[in-house]
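Hi,

Here's the structure I promised to pass on. Have a look at it first, and then read my notes below.

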Amino acid sequence: MDDRERKPYVYRIAGLSIFVVLVFSILGFNLWHLQIAQGSYYTAMAKGNVMKLVKVPPTRGDVVDRNGKLLVTSVPEFVLNLDWMDLQQSKSSDWKEVVRKLAGFIKQDWPNPNQSVDSITEDILVNIQNHQWERYRPVTILDNVPKNLQAVIAEHQDELPGVSVDAIPLRSYPQNTLVGQLLGYVQEIGPKEIAQFNQNPDAQKAGFEYAQGDMVGKMGVEKSFDFWLRGKEGVQQVEVDNNARPVSKQVVQAPQAGKTVQLTIDADLQKVVEDKLDEVILDVQKNTNPNAKSAAAVVMDVNTGKILAMASRPGMNPNELTGNITVAIRDKYWPQDPKLASEAASLNRALSGLYPPGSVFKMVTAMASLKEKVTTPEERVDDVISSLGNLASQQQGFPEWGGNYFRGGINLYRGLALSSDIYFEVMGRRVFDSNPETIAQIAHEFGLGVYTGVDLPGESEGIAPSAEWKKSYFGPTYSASRDKKLATIESDYAPKLAQATDAKAKQKLQTAKDSEIKQVDVWYKQMVSQNVDWKVFDSYNNAIGQGYNTYTPLQLANYVSTMVNGGKHFRPYVVDKLLDPITGKVVQQTQPKVVNTVSISPDDLETVKKGMSAVTSGEGTANFMSQDLPEFTGGGKTGTAQIGSKDTISGEVYNGVFVAFAPYDHPQIAFAGVVEFGGHGGGTAGKVAEAAFMQYFGWKSANGG
């Protein structure tokens, strides 16, 4: 090859060499510029990057009944999420436009269809702002995304960086209203709740701290066992630059699902009790009182404290409280009108409702009279008003219920069977004259007027009244009023006395002051005598379950359980086991716990138990139990509890109360129920007890039902 032919190739090689040298020179210059000339700047920038750890929520655990029937679970729901990290990948000047486009796409499915696109855009931006504290986690914009919107979002994905439709676990209650109040519901933790949840001993032991944004149980088992149900959160590592912009994210610890909670509740028994309550309420509305809307019932294992059924009406469907809550739903569960507060469907009346027990309290009076030895089971009392004592005592007492007077003397057994008010008024007064604290003491021993310690939040305490209780409850009110009146007198006369011109004027003022002080003293003594001191009518009222007596249906069921199991007062509970969701292995087992053993002798307990058996047979007020159920053995007690005071508007309105146990020998279960405005307990709550016993024992009614 001659020089002429070689020359083009030489030029090409020379040009390529120059190009390579130029490229490497540029790269070298940039490398020098980055690492040497501006090395300190970029080193500082790199040091400004921060690794942040973000929680990854786990799947919440299931809740099942004693037989494994599913009551609560988590199911996938499609939600529209906006990921702040991915959104920022769009141009900084365009990300608000992305939000506006999103608002246009979701307008048809927005909860408020009357809002404009601009208004929806503003709502989304506010939502993002409200979640700035968790900016490295997606913000949910819309729940329950319909399929057509899912398709629209997928079609326009390139225009919507950071926007996605994701399947997340949603709390689901497949049995709807069944045992709704006991189960509770789940919502985001409120700022004022964080400290309360962090008091949970299990959470403290595990070193877990609740924080803003956590989804938690708001009532019932969902709340009391939230730590175990919630599972163990995963951890996502997010790298953030010194401008707080996310750079990358990575899951470093996967979340662990929550434990399965197995209840003591029998779902089939629960359904029978709830259905019968609904039936009874409708019957009362139709035939006697259209205002009847509420009721509650409890069935307990008398030998362990296990709660087999706990029903409350109106019912609560936790599915209605998942996600965003409408105004109508809010008013249904938490009425804003104070006049409708008693109708709140969120109230678990079996646990939190306080009711006068009426005649079902008479077993306490019977046990107190036997303990104080002021009577014997065989002593007979004439069923006439004069048995209450002199005229003044008779005027403070109550005639026999319904105007009835039972012929023949009334002893303890017949007194319970016929629910004689006069018999128990006589006995109650004797007990209070002997020891004014005995009845309250016995009531407390049997779980009345004290917290049961049940493993549910929101329990009410109730009141078991006594002379000392009345003094401590009402006394401070009148003492404070007296002190205020005296302080006013002192402040009025102090300057006047200081400015008195002579001894005579001063003496006149002092006399007037002393007169006013004396008037206050007279007023105070009158108020104490009328409203603080224990009166004969208090003894009568208290002895028949009226007056200040108020208890929950749960306490009444526990009271009967304690009476018939030999005097062991158990702590009631609804959670039997915690199970591993994968293996089914028992992680934690609840053991029955005896709170106390009562002071009533076995013989006296047997006497009262025998009296309760007389209630459900022969001439007893609940003899329908043995008539309707040929296999029934056991006992019960009817109650017709007056809601208001005598001679008031509500003085002629009564709740139907009923308690029972079965069988008589070696009792297994106890029942307590209240039907508001139900009248006679036997015909209302008693019918619920019948249905519960038939379901539990597999009994058939006399008519073959």
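The largest nonpolar core in this predicted model has 131 residues. Those with the most contacts inside that core are Leu182, Leu263, Val273, Tyr559, Met563 and Phe693. Try clicking on Tyr559: leaving aside residues up to four places away in sequence, Tyr559 touches Val360, Phe361, Met363, Val364, Met367, Phe446 and Leu448. There's also a second, separate core, with 19 residues, including Val98, Ala103, Ile106 and Trp110. As a bit of background, nonpolar side chains in soluble globular proteins tend to be buried together.

Now zoom out to the whole chain. You'll find 26 helices and 19 strands. The chain has 705 residues, and 47% of them count as buried. If you take the contacts with a separation of 6 or more, 72% of them come from residues 24 or more positions apart. As for the outside, the accessible surface is about 34,100 Å², and carbon and sulfur atoms make up 53% of that.

One strand I'd pick out is β17, residues 635–642. Why do I call β17 largely enclosed by the rest of the structure? Because seven of its eight residues are buried, and buried here means under 20% relative accessible area. Next, follow β17 across to strand β18, residues 654–662: the two run antiparallel and are joined by eight bridges. For a specific pair to look up, start at Gly635, whose bridge partner in β18 is Phe661.

Happy browsing!

Methods:
Residues numbered from 1 in each chain as written. Predicted model: local features only at pLDDT ≥ 70, side-chain atom pairs only at ≥ 80, totals over all residues. Heavy atoms only, no water. Core = buried A, V, L, I, M, F, W, Y, C linked by side-chain atoms within 4.5 Å. Buried < 20%, exposed > 50% of the residue type's maximum accessible area, 1.4 Å probe, protein only. Contact = heavy atoms within 4.5 Å. Helix = DSSP H or I, 4+ residues; strand = E, 2+ residues; numbered from the N terminus. Areas by Shrake-Rupley, 256 points an atom, 1.4 Å probe, with all protein chains shown as cover. Pairing = 2+ DSSP bridges.
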